[in-house]
Amino acid sequence: MTETTTKAIKKSYDEALAELQGILFSQTAAKAEKTVAKAALNDLTATMLAQNLRTVEGRTALLSALIVELQQTIDSIKVDSKIAAVADKLTGLVAKAKDLFTKEKKDLV
Amino acid sequence: MTRLYLVLLALLLAGCGEIPKDALTGYTESFRAAHDASDAFLVQFGQTKQEAESFIQAREEPSNLPFKPYPDVLPAHVPNGDAIDPDVEAMRLGFEVISRYNAALVALADDKAPEAVGASVSGLIAALGDFVPVAGTVAGAVGSFATELERARRRGEFRQALDSGAPTVREILTLIAANVETDYDSNVKLADNARTLIASEIVDRVTELQGVFSTCAAPAGASTFTALDDRQAALDGVLEPLSKELGIATAYPYPLAFNPAGTPYTAESEAVITALALKIAEMVVQYEAIIARVNALARSSAAYRQMLNVTQRSLTALEQADDAPPDLTQQAAELLRLAFLIKTHVEEIRAARVGA
C-alpha cells in the first residue's frame, strides 16, 4: 500500500468517525439514529480491522519465503574447515599406521 | 627460508582486511536485545489479532440468533487451543532464523578456530615426521600457514555470508516493524470504537441525569440532600477527561438545573441521581482505561520499532565496516533505554487491560 493510499484511507476514516461521533455524542439525536450510527461505526471498525488482517497475512507469506531464503544462506555458510577435518582424519590414520609399523618392527626383530 | 616465505604470505593474507568484530558484536547485541523484547510484542500481537477476529466475526453473525455456547455441528478439525497463530509463528521463526544466521557469522569470526586448524595441520606434519624426516620448525611454519589460510577462507566466507544474508535479514526486520505498526493501528481502531461507544453511553446517561433534575423542583429550605452546586462540580470533574471529544467539547460542562414547576425532590429522586452519577463515574473510568492502554502501547510499540531500527542500522554498519570500529557505547545506551521503556510500558498495558 502506498503512502498516499494510506493517508487517503486515514482521512476517510477520520471523517467517517467524526461524522458518527457527531451523532453518537449528540443529546438531540433520536435513539434510532444512534442505533444506526453504532452499527455504522462497528462496520467501519470491522472493515479497517479486516484490511489490517489481510495486510499482515500478505506479510506472513513474504516472511515465510524470506525465512526459507535465509535458511538456505545459513546452510551454504562453511563454518568448519575441511583442511582441519582432513588433517585430523589423516593424523588418526598416521597414528594407527605408526602403531602397526612399530608392531611389525618388533615382530621382525 | 621456507618459513620466511610462509610468514610473508601470512602477513599478506592478514593485510586483506579483518572480520569487523566490533561491528559484528554491535549488530548481534542489538539483535539480541530486539529478540529478547520480541516475546512481549508477539503476545500482544496475538491478542490484538484475536480481538480483531472476534470483532469481525461478531459483525458477520446476525444478532438475532440464539446464543451457542458449544458448536451446533461437529467441527471438521479437532480444535487445538494451544495452536500458535500463523502470523505470530512466522515472526517467531523470523527471529529464530536470524539468530542462527548470526551464530554462523559469530562462528566464522571466532579467532580460536583458525588456530585449531593450524594445530591440526601441525599435528599431522608432526605425526608424519615419524615416517619422513621433517624439521620441527617446518611443522610449526606449515601450521601457521594453515592458520592464516583458514583465516583468509573465513574472511571470504564471512563477506559472502554477509552479502547474501544481510539483505534478507533487513527485509525480515522491516516486515516485523511493519507488523508492529499494523498491530498498533488495529489497537487504535478497536479503541476508537470502544471509546466512542462508551462516550456515547456516558452522554446518554448525562442526558438522563439532566432529565431527572429537570423534572424536579429544588428542595425547599434546609435539606439533607446533596446541593445542586456540589452535584454540578462533581459531574464536571468526572466528565473532564471526555471534555475534548468532538461534540462533547461544545456541550461541556453539562448544566444541571431544577425545574421550578417540577415535582417535589424526594429521597427517591436523590437515589436515582446518585445511582446515575455513580454509573457515569464508572464508565469514565473504563473510558480512561482504554486511553491509558493505547497510550502505553504507543510508547512500547514505538520503542520496540526503534529497537528494530537500531538493529537494522547496526547491520548496515557491519556491512560497511572498515578499520574504524563503530562507537558501541551510544548504541548500548540506546538499547538499554529502549528495553527499559518496553518493560515499563508492558506493565502499564497489563494494568490498563485489567482496569478496562
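**Chain A, chain B and the contact between them**

Read along its sequence, chain A runs α-α-α. That comes to three helices, with zero strands in the chain. Of its 109 residues, 22% count as buried. All of this describes a predicted model, for which the scores are ipTM 0.81 and pTM 0.81.

Confidence in chain B is uneven along the sequence. The mean pLDDT of chain B is 84, and 84% of its residues come in at 70 or more. Among the elements of chain B, helix α6 (residues 228-239) sits at the top with a mean pLDDT of 96, while helix α1 (residues 2-14) has the lowest mean, 41. The weak patch takes in residues 1-16 of chain B, over which the pLDDT is below 50. Even so, this stretch has 17 contacts in the model beyond near neighbours in sequence.

Then there is the contact between the two chains. Chain A puts 48 residues into it, and chain B puts in 58. On the side of chain B that touches chain A, the elements that give two or more residues are α2 (21-60), α3 (86-108), α4 (112-128), α5 (136-215) and α7 (248-251) of chain B. Of these, α5(B) gives the most, with 27 residues. As for chemistry, the residues on this side of chain B split into 32 nonpolar, 14 polar and 12 charged.

Conventions:
Residues are numbered from 1 along each chain as its sequence is written. Chains are lettered from A and ligands numbered from 1 in the order in which they are written. This is a predicted model: local features need pLDDT of at least 70, side-chain atom pairs count only at pLDDT 80 or more; totals for chains, interfaces and linings use all residues. pLDDT is the predictor's confidence in each residue, from 0 to 100. Helices (H or I, at least four residues) and strands (E, at least two) are DSSP runs, numbered from the N terminus. Two residues are in contact if their C-beta atoms, placed from the backbone, lie within 7 Å. A residue is buried if 20 or more other C-beta atoms lie within 10 Å of its own, exposed if 12 or fewer, and partly exposed in between; C-beta atoms are placed from the backbone. Ala, Val, Leu, Ile, Met, Phe, Trp, Tyr, Cys and Pro count as nonpolar, Asp, Glu, Lys and Arg as charged, and the others, Gly among them, as polar.
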